[in-house]
Amino acid sequence: MRGRHIFEAIEKSDKFPKMPKELSDIVNMIQVPEETDIDELADRIKNVVDLESMIMDFINSEFFKAPKKVTSLKEAIIFLGMNTMQVIILAQIVNCLFPKEDPESCTYQKICYLKHTVGTAVAATALSEWLGEESRSDKYELFAYGVLHDIGVVLYEVCLPEMVDKVQDIIIRGNHPVVAERIAFGGIDHTDIGAWFCRKLNFPPNIVDIIENHHWPKKSTNINKIMYIISVADYISHLYYRDFLIKKKVEKPIKIYMPPNPLNIPHEVIDEILCRLPGLVDETLRLFKRF
Ligand SMILES: [Fe+2]
Ligand SMILES: [Fe+2]
């Protein structure tokens, strides 16, 4: 399979997630956060089974150490603002499209993927603390982006599982995972697949942009602080989970390159977060009741 044919193969798979109308209506409502009718949004979210409780469980997680429990969607919107709620709601909609699997039946690769995304989310929030972000929304937004950023990997694992082993075999010959994907998929990788999927779901451009450019922030036409934080967080999480992402013995060690760092995050800070990462990830998975 080459390049663009991958998209056709993914879409033809019987595992390709179908977006129910009630979810696509919500996506359409939150395109421009400041224009969203909050009452109507709250009603629509209530009408989707489990969506409201998933959003509230996320916001009220002990991880965020919020000063008080948020008891309604409208309260959550006042507490965090619609820009942050947009990212949280979309992350939970993606969760609805890819339901959680029983941990007992999860493959080694799925557990590694989960740890890498949670590692990225946790590292991003740690970086924002170091940067001294003032807005309380940042932590929630960065966490949601961390969980979402590699959605392209989930999509090809679900729809084209046979390609996973192919990519792994190219990685163990000493190639970076993104290079391995490009070789296996004929010139595209998980960032192209994730962005294509999010465009199909009509996700707003700010979300697609992070998914498409998290490995190359300078390619984005809308470079922003979130993009750089997610990009460095992804690098930190890759450093720790590099060996876990592949289940076979690596012939040559894989070099993971530091992305652009215009926020001037010192190496000592990156090393310090890296040291804490395994403990933080295990604790976070426990707080979010995953494993
Ligand atoms: Fe990635
Ligand atoms: Fe990643």
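This is a short talk on how the helices and the two domains of one chain pack together.

Okay, so before anything else: what we have here is a predicted model. Keep that in mind whenever I give you an angle or a distance.

Let's start with the overall layout. The domain assignment splits the chain in two, with domain 1 running over 18-97 and domain 2 over 102-291. If you take the centres over C-alpha atoms, domain 1 and domain 2 sit 23 Å apart. As for the contact between them, 19 residues come from domain 1 and 17 residues from domain 2.

So which helix gives the most to the side of domain 1 that touches domain 2? That's α6, with 7 residues. Helix α6 covers 82-97, and both α2 and α6 supply at least two residues each to that side. And what's that side of domain 1 made of? You get 11 nonpolar residues, 7 polar and 1 charged.

Now, staying in domain 1, let's look at α2 a bit more. Helix α2 is residues 21-29, and α2 packs on helix α3, residues 38-46, at an angle of about 160°. The axes of the two are 10 Å apart. Anything over 145 degrees counts as roughly antiparallel, so that's what we call α2 and α3. Their crossing is left-handed. On the α2 side you'll find Glu22, Asp25, Ile26 and Met29 making the contact, and on the α3 side Glu40, Leu41, Arg44 and Ile45. Sort the residues of that contact by class and you have 4 nonpolar, 4 charged and no polar ones.

Next, back to α6, this time with its partner α5. Helix α5 is residues 73-80, and its axis comes within 7 Å of the axis of α6, crossing at roughly 125°. That angle makes α5 oblique to α6. Who meets whom here? From α5 it's Ala76, Ile77 and Leu80, and they meet Met82, Thr84 and Met85 in α6. The class split for this contact is 5 nonpolar, 1 polar and no charged residues.

Over to domain 2, then, which is 102-291. A quick sanity check on helix α7, residues 108-130: how far should its 23 residues span? At 1.5 Å a residue the expected figure is 33 Å, and the end C-alpha atoms are 32 Å apart, so the two agree. Just after α7 there's a little backbone detail to look at: Gly132 has a positive phi of about 70°.

Last pair, further along the chain. Helix α14, residues 225-241, packs against helix α15, residues 267-287, at about 55°, with the axes 10 Å apart. So α14 is oblique to α15. Left-handed or right-handed, this crossing of α14 and α15? Right-handed. In α14 the residues involved are Ile236, Ser237, Leu239 and Tyr240, and in α15 they meet Ile270, Ile273, Leu274, Leu277 and Pro278. By class, this contact has 8 nonpolar residues, 1 polar and no charged ones.

To wrap up, here are the crossings once more. We had α2 and α3 roughly antiparallel, α5 oblique to α6, and α14 oblique to α15. That's me done, thanks.

Note on methods
Residues are numbered from 1 along each chain as its sequence is written. Chains are lettered from A and ligands numbered from 1 in the order in which they are written. This is a predicted model: local features need pLDDT of at least 70, side-chain atom pairs count only at pLDDT 80 or more; totals for chains, interfaces and linings use all residues. Axes are lines fitted to C-alpha atoms, for helices over the stretch in contact, and angles run from 0 to 180 degrees between N-to-C directions. Helices (H or I, at least four residues) and strands (E, at least two) are DSSP runs, numbered from the N terminus. Angles under 35 degrees count as roughly parallel, over 145 as roughly antiparallel, 65 to 115 as roughly perpendicular and the rest as oblique. A crossing is left-handed if the near helix is turned anticlockwise from the far one by less than a right angle, and right-handed if clockwise. Two residues are in contact if their C-beta atoms, placed from the backbone, lie within 7 Å. Ala, Val, Leu, Ile, Met, Phe, Trp, Tyr, Cys and Pro count as nonpolar, Asp, Glu, Lys and Arg as charged, and the others, Gly among them, as polar. Domain bounds come from an automatic or database domain assignment. The expected span of a helix is 1.5 Å times one less than its number of residues.
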